[in-house]
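Work through the exercises below with the sequence and the coordinates at hand, and attempt each task before reading its solution.

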Amino acid sequence: MQYDLIIRHAQLHRHQNPVDIAIKDGRFARITASLPDNTADREIDAAGRLITPPFINAHVHLDAVLTVGQPRYNASGTLLEGIQIWSERKPTLTHEDVKRRALEEIRWEVAQGTLHIRSHVDICDPNLTALRALLEVREEVRDICDLQLVAFPQDGILSFPNGHELMRRAMEMGCGLVGGIPHYEWTRDMGVEDVHYAFALAKEFNRDIDCHCDETDDPHSRFTEVMATDTLQQGWQGRVTASHCTAMHSYDNAYAFKLIGLLARAQVNVIANPFDNAVLQGRFDTYPKRRGITRVKELLAAGVNVALGHDSIMDPWFPLGRGDMLAAAQLAIFLCHMSGYEEINDILDLITTRAARTLRITDHYGIEEDKPASFVLLDAPSAFEALRLLPARLHVFKDGREIAHTTPAHSFLHRQNEQEAQEVTYRP
Ligand code: FE2
């Protein structure tokens with residue numbers, strides 16, 4: 001058999017030995033210990049390096065990316081000042097402005113191996129400027145990236161004028177998922193109604209749900225339980241995601257235990273966002289300061305599916321970052337106390353296979369025979385080393401086509417008594 005491409009000696013996550021991977025007509029054709037008698041138009045010797053399915057950014061705001069400093073920098077670094085700055089920037093949004101920034105950020109993510117992105121889009125704008133722009137972007141990037149769009153009511157469904165109508169219009173225009181923001185509505189009752197409305201809309205349009213939920217340090221913010229209950233009552237199991245859930249960090253253990261059981265029963269996915277959670281939560285604390293990330297370790301132990309998002313990239317809430325999901329995963333290791341050896345291996349799943357379950361793309365995702373040949377070859381031999389080094393993404397393929405490559409950086413040391421510079425590899 002003549003293949004289009006063979007990757008030799010590639011290390012799959014959690015596999016004992018490297019494998020040879022043959023690709024034909026955009027799909028994985030053979031994955032086996034060795035393919036010595038086969039040839040291909042192109043061969044890549046992975047030399048034992050790690051090959052993974054594409055990374056997934058399960059939660060980001062592409063309408064706000066790359067706006068840091070516009071019209072001013074966030075001086076306090078807080079969530080509330082971030083929302084204020086965004087409300088100042090929003091009136092100046094234009095179609096071309098949103099498209100240019102989103103397309104640029106997607107280029108960054110794809111170059112680093114992220115080929116699936118779920119972006120929230122702020123629909124609290126009578127003109128829906130950002131949504132119109134991102135609906136076009138979704139089509140324009142199809143050759144390099146699958147983009148899911150969530151109608152996100154940043155200023156509330158009930159607390160913002162015509163919030164209900166704007167959510168509905170977003171669905172009619174082709175927005176893929178229904179969002180919500182119950183903890184930000186003016187009252188507890190309005191927050192509960194926010195969730196109920198998201199479910200009603202999702203049922204009417206047959207869409208999945210991904211709400212920002214309980215993104216606060218307030219231990220009395222308890223809307224995730226409403227999402228789980230609506231999921232069970234509406235029969236939407238597996239189709240619902242609760243994003244952030246940072247208040248869970250501050251719940252007493254007895255309530256958290258009850259809630260986590262309910263989430264598992266309702267098959268609600270949870271998304272944590274290490275960068276934004278780390279800088280935005282705990283801001284009202286003196287000392288000790290809470291970490292403010294949801295209970296990732298306990299959720300996983302209870303059988304709840306958890307994924308990670310980058311959330312912000314150079315916007316009013318998080319000024320840094322370049323859209324690297326491996327960096328988000330590395331930060332989760334620290335914030336979630338998941339530095340045990342197996343825990344570090346598990347973290348890679350939160351930006352790959354577990355995120356694929358959240359986005360409901362598992363039927364065409366993963367390095368398995370007959371599935372689309374989309375993958376990342378990293379300049380590291382294992383997940384452990386990948387999360388330590390954040391190495392170059394040497395080759396990024398989508399549907400059998402190379403769509404990005406990176407040449408790794410090399411460091412050299414110049415000693416006084418040595419004629420030739422010595423390379424520093426950062427490997428023990
Ligand atoms: Fe968010």
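Helices (H or I, at least four residues) and strands (E, at least two) are here DSSP runs, numbered from the N terminus. The model is a predicted one.

**Exercise 1.** Determine which prolines follow a cis peptide bond, and place each in the chain.

*Solution.* Begin with the peptide bond from Gln70 to Pro71, which is cis with omega near -5 degrees; Pro71 lies in the loop between β6 (55-60) and α1 (79-89). Next, Tyr287 and Pro288 are joined by a cis peptide bond with omega about 0 degrees, and Pro288 belongs to the loop between α8 (274-280) and α9 (296-301).

**Exercise 2.** Describe how the axes of α4 and α5 are arranged, and identify the residues in contact.

*Solution.* The axes of α4 (residues 163-172) and α5 (residues 188-205) come within 11 Å and cross at roughly 25 degrees. Angles under 35 degrees count as roughly parallel, and α4 and α5 are therefore roughly parallel to each other. Their crossing is right-handed. On α4 the contact is made by His164, Met167, Arg168, Met171 and Glu172, and on α5 by Tyr197, Leu201, Glu204 and Phe205; by class, this contact has five nonpolar, one polar and three charged residues.

**Exercise 3.** Characterise the site of the iron ion.

*Solution.* The iron ion is coordinated at 2.2 to 2.5 Å by His59 (NE2), His61 (NE2), His212 (NE2) and Asp311 (OD). The angles among its four donor atoms run from 82 to 173 degrees, and the site is irregular. Along the sequence, the donor residues follow the spacing H-x1-H-x150-H-x98-D. His212 in strand β10 (residues 208-213) and Asp311 in the loop between β13 (306-308) and α10 (325-335) are 99 residues apart, a pair that links distant parts of the chain.

Notes:
Residues numbered from 1 in each chain as written. Predicted model: local features only at pLDDT ≥ 70, side-chain atom pairs only at ≥ 80, totals over all residues. Heavy atoms only, no water. Axes fitted to C-alpha atoms, helices over the stretch in contact; angles between N-to-C directions. Parallel < 35°, antiparallel > 145°, perpendicular 65-115°, else oblique. Left-handed = near helix turned anticlockwise from the far one by under 90°. Contact = heavy atoms within 4.5 Å. Nonpolar A, V, L, I, M, F, W, Y, C, P; charged D, E, K, R; others polar. Donors = N, O, S within 2.8 Å, 3.2 Å for Na, K, Ca; no water. Tetrahedral: all angles 85-135°; square planar, octahedral: opposite > 155°, others 65-115°.
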